[in-house]
Amino acid sequence: MTAPSPRPTQCPHCGYDNDVETFESITSHDRQLRERLVSGALWTWRCAKCAKDTVSLYPVLYHDMRAFDPTLGHALENSVKKIRYQMEKMGRKAGWEAMRREARASRDADSLIGLLYPERHLQERLYTMLPILARHGLDLVGTIYEAIELGCPDHRVMVV
Ligand SMILES: [Zn+2]
């Protein structure tokens, strides 16, 4: 498997316990890992605490698929390309969906601000009381007057 598996390793410089990324096996179609294997960087890790590099050797099984069967190497490369294409496609779709949701949230926020502050003014400065009186009757003024608590300076929601 080319999937990394973390291995607890203590830093020889500071003693900090790190989770070092290790590989049991690497296939030739994974270019990045192959280059790290060839250069020796595969066995070099950096401590998360003191940031010093350490070389820890461990056995790795290397599968050279091209040497085994060239057609398998091509088939693997094609599969990798298809998977990368699908992953990029899913990434683009997720990005578009995130942008769409962000735009909808922005529209909803603008709508709420428009309700609370129509045309960037306070509601009571822009809206007239007449439609509310027409809907609820002239007794509404008395009902509001009775509900007013002079000791409460906050805005209140009234159900009429
Ligand atoms: Zn360290």
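The paragraphs below walk through a predicted model of a single chain, from its overall form down to individual residues.

The broad layout is a good place to start. The secondary structure of the chain comes to six helices and six strands. Followed along the sequence, these elements give the pattern β-β-β-α-β-β-β-α-α-α-α-α. The chain is more spread out than a compact globule, because its radius of gyration is 33 Å, well over the 15 Å that the globule rule gives for 160 residues. A box of roughly 90 × 45 × 25 Å, taken along the principal axes, is filled by the C-alpha atoms of the chain. Burial can be looked at in turn: 5% of the 160 residues of the chain count as buried. As for contacts with a separation of 6 or more, 49% of them in the chain come from residues 24 or more positions apart.

The chain can also be read in terms of domains. The domain assignment gives domain 1 as residues 5–63, domain 2 as residues 68–120 and domain 3 as residues 128–160. Between the centres of domain 1 and domain 2, taken over C-alpha atoms, the distance is 32 Å.

The hairpin at the start of domain 1 deserves a closer look. Strand 1 (residues 5–10) and strand 2 (residues 17–22) run antiparallel and are joined by six bridges. Two of the pairings can be picked out by eye in the structure: P6 has E21 in strand 2 as its bridge partner, and Q10 stands opposite D17 in strand 2. Six residues lie between the two strands of this hairpin, and G15 in the turn has a positive phi of about 85°. Is strand 1 buried, or does it lie largely in the open? Of its six residues, the number buried is zero, so strand 1 lies largely in the open.

Further along come two loops with residues worth finding. A51 is placed in the loop between strand 4 (44–46) and strand 5 (53–55). Although A51 is not a glycine, it has a positive phi of about 60°. Most residues other than glycine have a negative phi. A51 counts as exposed because it has 10 C-beta neighbours inside 10 Å, and the cut-off for exposed is 12 or fewer. The loop between strand 5 and strand 6 (61–63) holds L57. With 8 other C-beta atoms within 10 Å, L57 is exposed as well. L57 and G40 are 17 residues apart along the chain, and their C-alpha atoms are separated by 9.5 Å.

Helix 3 brings the tour to domain 2. How far apart are the end C-alpha atoms of helix 3? They are 69 Å apart, which agrees with the 69 Å that its 47 residues should span at 1.5 Å a residue. The number of buried residues among those 47 is zero, so helix 3 lies largely in the open. One residue of helix 3 is G114, which counts as exposed with 11 C-beta neighbours inside 10 Å. Measuring along the helix on screen, a reader can compare G114 with R100: the two are 14 residues apart in sequence and 21 Å apart in space, C-alpha to C-alpha.

Just past helix 3 (70–116), R120 sits in the loop that leads to helix 4 (123–126). R120 has a positive phi of about 65° although it is not a glycine. Is R120 buried or exposed? R120 is exposed, since 8 other C-beta atoms lie within 10 Å of its own.

Terms used: Residues are numbered from 1 along each chain as its sequence is written. This is a predicted model: local features need pLDDT of at least 70, side-chain atom pairs count only at pLDDT 80 or more; totals for chains, interfaces and linings use all residues. Two strands pair if DSSP finds at least two bridges between them. Helices (H or I, at least four residues) and strands (E, at least two) are DSSP runs, numbered from the N terminus. Domain bounds come from an automatic or database domain assignment. The radius of gyration is taken over C-alpha atoms; the globule rule is 2.2 Å times the number of residues to the power 0.38. A residue is buried if 20 or more other C-beta atoms lie within 10 Å of its own, exposed if 12 or fewer, and partly exposed in between; C-beta atoms are placed from the backbone. Two residues are in contact if their C-beta atoms, placed from the backbone, lie within 7 Å. The expected span of a helix is 1.5 Å times one less than its number of residues.
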